[in-house]
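Visitor: Please choose one helix of this model and take me through it slowly, together with whatever surrounds it. I am in my first year, so please explain each term when it comes up.

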Amino acid sequence: MTALEVRDLTIEYPQAHGRPFRAVHDLSFSLHAGQTLALVGESGSGKSSVLKALSRLVRPARGEILLGGREGVRGTEYRRAVQMVFQDPFASLNPSHTIDHHLRRPLLATGRARRGAEADAAVAELLRQVNLTPAADVARKRPHELSGGQRQRVAIARALAPQPDVLLADEPVSMLDVSIRLEILNLLDHLKRERDLALLYVTHDLATARHFSSEIMVMYRGEVVERGPSDEVILSPKHPYTQLLAAAAPSTGATREQVRAARQVRLAARAQRDAERREVVVGDGCRFRPRCPFAMEKCTQRPPEARISPADGTSSGHRALCWLYEDTPATAATAPTVPP
Ligand code: SF4
Ligand code: MG
């Protein structure tokens, strides 16, 4: 079942001068119950704007967000169904409240438990699910008495309290010690399976994106430049930007050859970027052009359209927004064949 569907989402912010700044441009995707979709990109790619729109904190300039196949779900119903785990477990919990308070409040507010013994039991059960035991001891504590990893477990428990359908995880481990990152990601993965959650995993880390998601979308300056099955996108990146990201993260499982090739791409890109910095106007072409070592005449003239890469031109849905794959329109691979 489709838990969350986003259609043509465009997000703009007003600027003091000139046209509004377009942070996200025509984003579409769907996310099923039990699926993890990774949204990958560096800062400024638009990831945070997407999350704000999905949390209903900003109103998109255009586009639809459908929940369980329905348009226009808002207010308390939406806030219950779509929960977020924030990046910073040190800022997302209120230092003056106990852990018990943090968990009890959403349970009561969404009617998931009644005051008293029922809420006591529900708080204990949430803590058990995120492996914080003995629950009674943890519940009495305040955030500063817990480690970063423990706090993030509390934040996850709090997000689970209203029994959401969709969990948005905004770089959930990037502020934690490296040694506990996998534990937290494994916990999220386990809870997703157990509760049949739809999980949007926002990260700049390709290795964990590959490991924990079935599908990856790579964003660059507000656009999805590549998307497809996680293994394909990471092991055989098509868009020059994804190739750069993969080169910067050799732990993704790329071969030595791929890393070497990507290093060359990176060096070329740096030279190109330096040259382009002296030029002010990028113009109407591809947004990645100033950093792209493969830029052609055409790339300066028109924005590229989504193309399937030739090597993978089957039905996997691997697409790159790049003129390099001009000969293989994405629609050719996905269009249904008419029976004779
Ligand atoms: Fe590079 Fe051109 Fe592809 Fe853009 S469209 S990524 S500039 S080759
Ligand atoms: Mg961010």
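Guide: Two residues are said to be in contact if their C-beta atoms, placed from the backbone, lie within 7 Å. Among the contacts in the protein chain that link residues at least 6 apart in sequence, 58% are between residues at least 24 apart. What you see is a predicted model, in which local features need a pLDDT of at least 70 and side-chain atom pairs count only at pLDDT 80 or more, while totals for chains, interfaces and linings use all residues. Residues are numbered from 1 along each chain as its sequence is written, and chains are lettered from A and ligands numbered from 1 in the order in which they are written.

The protein chain has an average pLDDT (the predictor's confidence in each residue, from 0 to 100) of 87, and 84% of the residues score at least 70. In residues 276–281 the pLDDT falls below 50, and this stretch has 1 contact beyond near neighbours in sequence; residues 332–340 are also below 50, with 5 such contacts. Where pLDDT is low, the predicted coordinates should not be read in detail.

The protein chain holds 13 helices and 11 strands, where helices (H or I, at least four residues) and strands (E, at least two) are DSSP runs numbered from the N terminus. Of its 340 residues, 42% are buried, a word that here stands for 20 or more other C-beta atoms within 10 Å of a residue's own, with exposed used for 12 or fewer and partly exposed for what lies in between, all C-beta atoms being placed from the backbone.

The helix I choose is α7, residues 178–195, whose 18 residues should span 26 Å (1.5 Å times one less than the number of residues); its end C-alpha atoms are 27 Å apart, which agrees. In α7 the residues Ile184, Leu185, Leu188 and Lys192 are buried, and seen down the helix axis they fall within an arc of 100°, so they line one face of α7; the arc is that of the directions from the helix axis to the C-beta atoms. On the face turned away from this buried side sit the exposed residues Ser179, Asn186, Arg193 and Glu194.

The buried residues of α7 pack against β3 (36–40), α6 (148–160), β6 (166–170), β7 (198–203) and α8 (206–212). One of these partners, α6, is mostly covered, with 10 of its 13 residues buried, including Arg151, Val154, Ile156 and Leu160. The end C-alpha atoms of α6 are 18 Å apart, which agrees with the 18 Å expected for its 13 residues. The buried residues of α6 in turn pack against β5 (82–85), α3 (99–109), α4, β6 and α7.

Finally, look just past the end of α7, where Asp196 takes a positive phi of about 55° although it is not a glycine. Most residues other than glycine have a negative phi, and most peptide bonds are trans. Asp196 belongs to the loop between α7 and β7, and it counts as partly exposed because it has 13 C-beta neighbours inside 10 Å. Elsewhere, Arg221 is not a glycine either and has a positive phi of about 45°, and its place is the loop between β8 (215–220) and β9 (223–229).
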